[in-house]
Amino acid sequence: MFRYVLAKLGQAVFVVWGAYTVTFVLLYDAVDLLFDPTQGDLVTEQDKQNAREYYGLDHDLLGQYLNRLFAAARGDFGASTRTGEQVWPLIVSVLPQTALLAACALVLAVLLALAVTLISAYTRVRWLSGLFAALPAAGVSVPVFLVGSAILQVFSFQSRAGERATGKTIRFPGCRRVHR
């Protein structure tokens, strides 16, 4: 049992390291993302260079990678580029809501799995039983980010459930509202 847990922890560390590395390679000099593209003529090259120096992006690639990797391993995720606040307290502040969301999702997934299993096992209609028996394989085959995007599209953007729940109009930076 100990070897199994150790292997799973090793796999988790490998996945986190891989995700960090891919993200770093894609965004290692993302200074242009810090500035509003519609105000490109207001941002000078000196402003961009100052931002590179402030965020440590003016160092060599390997130095940046190792510096940020070891800082992240220590729990130092730096300052938010949007608010200037330290990132770790921001993460900790949303942990209770994240844990509640994860627990609700787990309960919903178990109930859904139980329903699919019972329908698949006890339905006398052969084609319906086969359909429900194939659902788990189909669900695993679809990438999670695709399902998440589809759910977000249906429940948030099209039905505007978020606006009804909060009573506020939800605006995304850089997106204009489309009138129907």
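"Buried" here means under 20% relative accessible area.

**View 1. The whole chain, a predicted model built from helices.** By the cut-off just given, buried residues come to 10% of the 180 residues in the protein chain. As for secondary structure, you'll count 8 helices and 0 strands. Follow the sequence along and the pattern reads α-α-α-α-α-α-α-α.

**View 2. Helix 1 packing with helix 4.** Zoom in on residues 2-27, which form helix 1, and residues 61-73, which form helix 4. Their axes sit 11 Å apart, and the angle between the two helices is about 140°. Angles over 145 degrees would count as roughly antiparallel, and 65 to 115 as roughly perpendicular, so this pair is called oblique. As for handedness, helix 1 and helix 4 make a right-handed crossing.

**View 3. A nonpolar patch on the surface.** Seven side chains to look for here are V142, F145, L146, V147, I151, V154 and F155. Together they make a nonpolar surface patch of about 650 Å².

**View 4. A closer look at L146, one of the patch residues.** L146 belongs to helix 7, which runs over residues 144-158. Is L146 buried or exposed? Neither, quite: its relative accessible area is 47%, and since exposed means over 50% and buried means under 20%, L146 counts as partly exposed.

Key
Residues numbered from 1 in each chain as written. Predicted model: local features only at pLDDT ≥ 70, side-chain atom pairs only at ≥ 80, totals over all residues. Heavy atoms only, no water. Patch = residues over 30% accessible without salt bridge, like charges linked within 9 Å, V, L, I, M, F, W, Y side chains within 5 Å. Areas by Shrake-Rupley, 256 points an atom, 1.4 Å probe, with all protein chains shown as cover. Salt bridge = Lys/Arg side-chain N within 4 Å of Asp/Glu carboxyl O. Helix = DSSP H or I, 4+ residues; strand = E, 2+ residues; numbered from the N terminus. Buried < 20%, exposed > 50% of the residue type's maximum accessible area, 1.4 Å probe, protein only. Axes fitted to C-alpha atoms, helices over the stretch in contact; angles between N-to-C directions. Parallel < 35°, antiparallel > 145°, perpendicular 65-115°, else oblique. Left-handed = near helix turned anticlockwise from the far one by under 90°.
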